[in-house]
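Here is a brief report on one protein model. It looks at packing, open space and a single strand residue.

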Amino acid sequence: MKKLFFISLFVIHLSSLYAQSSEVYKTDDGAIQGYDPVAYFKARKAVRGEKQFTYQWNDASWFFSSKANLDEFKANPNKFAPQYGGYCAYGTSEGHKAPTQPNAWTIVDDKLYLNYNDDVKTMWTKDRKSRIEKADKNWPAVKKAE
């Protein structure tokens, strides 16, 4: 387990070297790799969005699985968008941007948090309250970093 922990930390650190300068983690598939941010709240699972339900917000393309989810997001994007622009909550708590996997997610106090992978999510969950406090404090500087 220790070996896995250190490998995960190394990968997170290495990935931060290639982190984006964007405030929103996005790939060729759009923000949060094309997954529907509203579905995390309504369906309680990661659901891939459809290109027919696309919305441009915060310099990124957001995809939704239904028109209803698109409309809800349009009405209040900050309610549904993941914290820290969709970058890894653990990485942000450590002071850097790291990519995320759509299936490594948690909702805490009606806020969506994504993590690098399930192993990092497990580490983040062990000290979630403190990690969120650190990430909230770090995010203003981290979001501007490349």
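The text below takes the cores, then the pocket, then one residue.

This is a predicted model.

**Cores**

The largest nonpolar core has 20 residues. Ile32, Tyr40, Trp62, Phe64, Phe73, Leu112 and Leu114 have the most contacts inside it. Several elements each supply at least two residues of this core. They are tabulated here.

| Element | Residues |
|---|---|
| Helix H2 | 37-42 |
| Strand E3 | 50-57 |
| Strand E4 | 60-64 |
| Helix H3 | 67-75 |
| Strand E6 | 111-115 |

A second, separate core has 17 residues, including Tyr87, Cys88, Tyr113 and Trp124.

Phe73 belongs to the largest core. Leaving aside neighbours within four places in sequence, Phe73 is in contact with Pro37, Val38, Tyr55, Trp57, Trp62, Phe64, Phe80 and Ala81.

**Pocket**

The largest pocket holds about 200 Å³ of space. Its lining comprises 14 residues. Asn78, Pro82, Tyr84, Gly85 and Trp139 lie nearest the centre of the pocket. By class, the lining has seven nonpolar, four polar and three charged residues.

**Gln101**

Gln101 sits in strand E5, which covers residues 101-108. Is Gln101 buried or exposed? Neither: Gln101 counts as partly exposed because its relative accessibility is 41%, and that class lies between under 20% for buried and over 50% for exposed.

Not counting residues up to four places away in sequence, Gln101 touches Gln33, Leu114, Asn115, Tyr116 and Asn117. Of these, Leu114 is among the residues with the most contacts inside the largest core. The C-alpha atoms of Gln101 and Asp118 are separated by 8.3 Å. Along the chain, Gln101 and Asp118 are 17 residues apart.

Conventions: Residues are numbered from 1 along each chain as its sequence is written. This is a predicted model: local features need pLDDT of at least 70, side-chain atom pairs count only at pLDDT 80 or more; totals for chains, interfaces and linings use all residues. Side-chain values use heavy atoms; hydrogens and water are left out. On a 1 Å grid over the protein atoms alone, a cavity is a set of points where a 1.4 Å probe fits but cannot get out, and a pocket is an open set with protein on both sides within 12 Å along at least five of seven lines; lining residues have an atom within 4 Å of a point. Grid points are joined across faces, edges and corners, and a volume is the space filled by probe spheres set on the points. Ala, Val, Leu, Ile, Met, Phe, Trp, Tyr, Cys and Pro count as nonpolar, Asp, Glu, Lys and Arg as charged, and the others, Gly among them, as polar. A nonpolar core is a set of buried Ala, Val, Leu, Ile, Met, Phe, Trp, Tyr and Cys residues joined through side-chain atoms within 4.5 Å. Buried means under 20% relative accessible area, exposed over 50%, partly exposed in between (1.4 Å probe, protein chains only). Helices (H or I, at least four residues) and strands (E, at least two) are DSSP runs, numbered from the N terminus. Contact means heavy atoms within 4.5 Å.
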